[in-house]
Amino acid sequence: MSTTITLDDAFVEDSKTHAQAVNRSTSEQIEHWIKIGKVAEDNPDLTYEFIRDAQLAQEEVSVGKGIPYVRRTKRI
């Protein structure tokens with residue numbers, strides 16, 4: 001679903017700069033920041049790096065690049 005929203009011009013310009021640096025569109029960059037912000041609000045004890053790495057791991061699994069964790073020891 002597509003929705004039109006109004007954003008501060010300075011924020012959009014900053015988003016464009018960051019988007020170009022990581023080969024994303026401006027809207028993809030804003031969505032990326034929104035996803036990280038939502039996780040950070042829900043989990044204030046997690047670092048940005050942990051959130052980013054967890055999202056990357058989820059994406060890798062979804063495209064078949066991840067290796068599922070298999071427990072090697074017996075549960076007590």
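Leucine 7 sits in the segment that precedes helix α1, which covers residues 9-21, and in this predicted model leucine 7 is partly exposed, with a relative accessible area of 34%. Together with Ile5 and Phe11, Leu7 makes up a nonpolar patch on the surface, and the accessible area of the three residues together is about 250 Å². The protein chain to which this patch belongs contains three helices and zero strands, and its radius of gyration of 17 Å is well over the 11 Å that the globule rule gives for 76 residues, so the chain is more spread out than a compact globule.

**Overall fold and dimensions**

- Followed along the sequence, the elements of the protein chain give the pattern α-α-α.
- The C-alpha trace of the protein chain extends over about 55 × 30 × 25 Å when taken along its principal axes.

**Surface, burial and charge**

- Of the 76 residues in the protein chain, 9% count as buried, a class that requires a relative accessible area under 20%.
- The area exposed by the protein chain comes to about 7000 Å², and 54% of that area is supplied by carbon and sulfur atoms.
- The protein chain carries 10 positive and 13 negative charges, and the mean positions of these two sets lie 16 Å apart.

**Salt bridges**

- Searching the whole structure yields three salt bridges, and these are described in turn below.
- In helix α1, lysine 16 is paired with glutamate 13 in a salt bridge whose closest N and O atoms are 3.4 Å apart; the two residues are three positions apart in this helix, a separation of about one helical turn.
- Both partners of that pair are partly exposed, since the relative accessible area is 36% for lysine 16 and the relative accessibility is 46% for glutamate 13, values that fall between the 20% and 50% limits of the class.
- In helix α2, which comprises residues 26-42, aspartate 42 and lysine 38 lie four residues apart, or about one turn of the helix, and their side chains meet in a salt bridge with an N to O distance of 3.3 Å.
- Aspartate 42 is exposed, with a relative accessible area of 52%, and lysine 38 likewise counts as exposed, at 55% relative accessibility; the class begins over 50%.
- Aspartate 53 is joined to arginine 52 by a salt bridge in which the closest N and O atoms are 3.3 Å apart.
- In this pair, aspartate 53 counts as partly exposed at 41% relative accessibility, and arginine 52 also counts as partly exposed, at 33%.

**Backbone in the loop between α1 and α2**

- Asparagine 23 is placed in the loop that runs between α1 and α2, and its phi angle is near 55 degrees, which is a positive value in a residue other than glycine.
- The relative accessibility of asparagine 23 is 74%, so this loop residue counts as exposed.

Key
Residues numbered from 1 in each chain as written. Predicted model: local features only at pLDDT ≥ 70, side-chain atom pairs only at ≥ 80, totals over all residues. Heavy atoms only, no water. Rg over C-alpha atoms; globule rule 2.2 N^0.38 Å. Buried < 20%, exposed > 50% of the residue type's maximum accessible area, 1.4 Å probe, protein only. Areas by Shrake-Rupley, 256 points an atom, 1.4 Å probe, with all protein chains shown as cover. Lys, Arg positive; Asp, Glu negative; His and termini not counted. Charge placed at Lys NZ, Arg CZ, Asp CG, Glu CD. Patch = residues over 30% accessible without salt bridge, like charges linked within 9 Å, V, L, I, M, F, W, Y side chains within 5 Å. Salt bridge = Lys/Arg side-chain N within 4 Å of Asp/Glu carboxyl O.
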